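Reader: I would like a close look at a single part of this model, taken slowly and with its surroundings kept in view. Please start from the strand pairing and work outward from there.

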Amino acid sequence: METHEELEKWFSAKNCGSVAFRPEHVPRREASDDYEVVYEAHFESTLLAQARIEVWLTSEGRIAVGVETRERIARRLGVRTSRSGFAAGHEPNNASLRGLLDLLELCSTGKIAVIARSGLFGLGKTTAALPKPFLETLSMVGYGYLGWLRPLEEVSPTRNLKVLTFEPWT
């Protein structure tokens, strides 16, 4: 079974009424990219309290992931943002299918968090975090790139640094 079929099978087994799954099979290459995206999977909730995830597959078999959007994070915090795009994620990289499915499972069950800095000018830097045991599990199952995720235990919230957690998909 191909990766996109496994993603579709995984989501249909979740039985999530609050999250829409929107696959796209249209190949595209941005002028600035050195890869071609051949499949996109969008997992979108209308609820800000549930994580929004995008997965891209390239013609070379690499995987990109985007967690949440800066616009949705800014709305949750009640601040403005001057930039668009994902709050966290990574460009196409090597990752095992098992690692990708495990990451999606962590996102869908509310284990991932977004760390957001805000201040006078609105939303600043954002990144994602997971508890250390989950980071170690992803590493063991072949999720090849974890540099975009921080250990949640190492984050100390302040007035300007918020840890946004998510509710499980239902």
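Author: In this predicted model, strand 7 and strand 8 (residues 149-151) run parallel and are joined by three bridges, with L130 of strand 7 standing opposite P151 in strand 8. Strand 7 also pairs with strand 6, but here the two strands run antiparallel and six bridges join them. Strand 6 and strand 7 together form a hairpin that has two residues between its strands, and I115 is found opposite T127 of strand 7. Seven of the nine residues of strand 7 are buried, so this strand is largely enclosed by the rest of the structure.

Strand 6 (113-119) and strand 7 (122-130) also take part in covering helix 2, whose buried residues are covered by elements that include strand 2, strand 4, strand 5 and strand 9 as well. The buried residues in question are R70, R72, I73 and A74, two of them arginines. After helix 2 comes G78, which has a positive phi, near 75°.

The loop between helix 2 (70-77) and strand 5 (86-93) contains T81, and this residue counts as partly exposed because its relative accessibility is 24%, which falls between the limits of 20% and 50%. Setting aside residues up to four places away in sequence, T81 touches R70, E71, A74 and L123. With R70 the side chain of T81 makes a polar contact of 3.3 Å, while the backbone oxygen of R83 is reached by the T81 side chain at 3.1 Å. The C-alpha atoms of T81 and E167, by contrast, are separated by 23 Å, the two residues being 86 apart along the chain.

On the other side of helix 2 in sequence, T69 belongs to strand 4 (residues 63-69). T69 counts as buried because its relative accessibility is 13%, and its side chain reaches the backbone nitrogen of R72 at 3.1 Å. Residues up to four places away in sequence left out, T69 touches R52, G85, F86 and A87.

From here the picture can be widened to the nonpolar core. The largest core has 40 residues, and those that touch the most other members are F43, I53, V55, V65, I112, W148 and W169. Helix 3 (residues 97-108) gives the most to this core, contributing six residues. As for I53, its contacts beyond four places in sequence are A41, H42, F43, V65, G66, V67, L104, C107 and W169. In soluble globular proteins, nonpolar side chains tend to be buried together.

F43 and W169 deserve a further word, since both are buried and both belong to one aromatic cluster with W10, F11 and F21. The structure holds eight aromatic pairs, and one of them is formed by F43 and W169, which are stacked at 5.8 Å centre to centre with 25° between the planes. F43 lies in strand 2 (residues 37-45) and W169 in the segment after strand 9 (161-165), so this pair ties together parts that are 126 residues apart in sequence. Another kind of ring contact is made by F166, where the charged end of R76 sits over the ring at 4.9 Å from its centre.

Methods:
Residues numbered from 1 in each chain as written. Predicted model: local features only at pLDDT ≥ 70, side-chain atom pairs only at ≥ 80, totals over all residues. Heavy atoms only, no water. Phe/Tyr/Trp six-rings, centres within 6.5 Å; stacked < 30°, edge-to-face > 60°. Helix = DSSP H or I, 4+ residues; strand = E, 2+ residues; numbered from the N terminus. Buried < 20%, exposed > 50% of the residue type's maximum accessible area, 1.4 Å probe, protein only. Lys NZ or Arg CZ within 6 Å of the ring centre and 35° of its normal. Core = buried A, V, L, I, M, F, W, Y, C linked by side-chain atoms within 4.5 Å. Contact = heavy atoms within 4.5 Å. Polar contact = N/O pair within 3.5 Å; in protein donor to acceptor, adjacent residues only side chain to side chain. Pairing = 2+ DSSP bridges.
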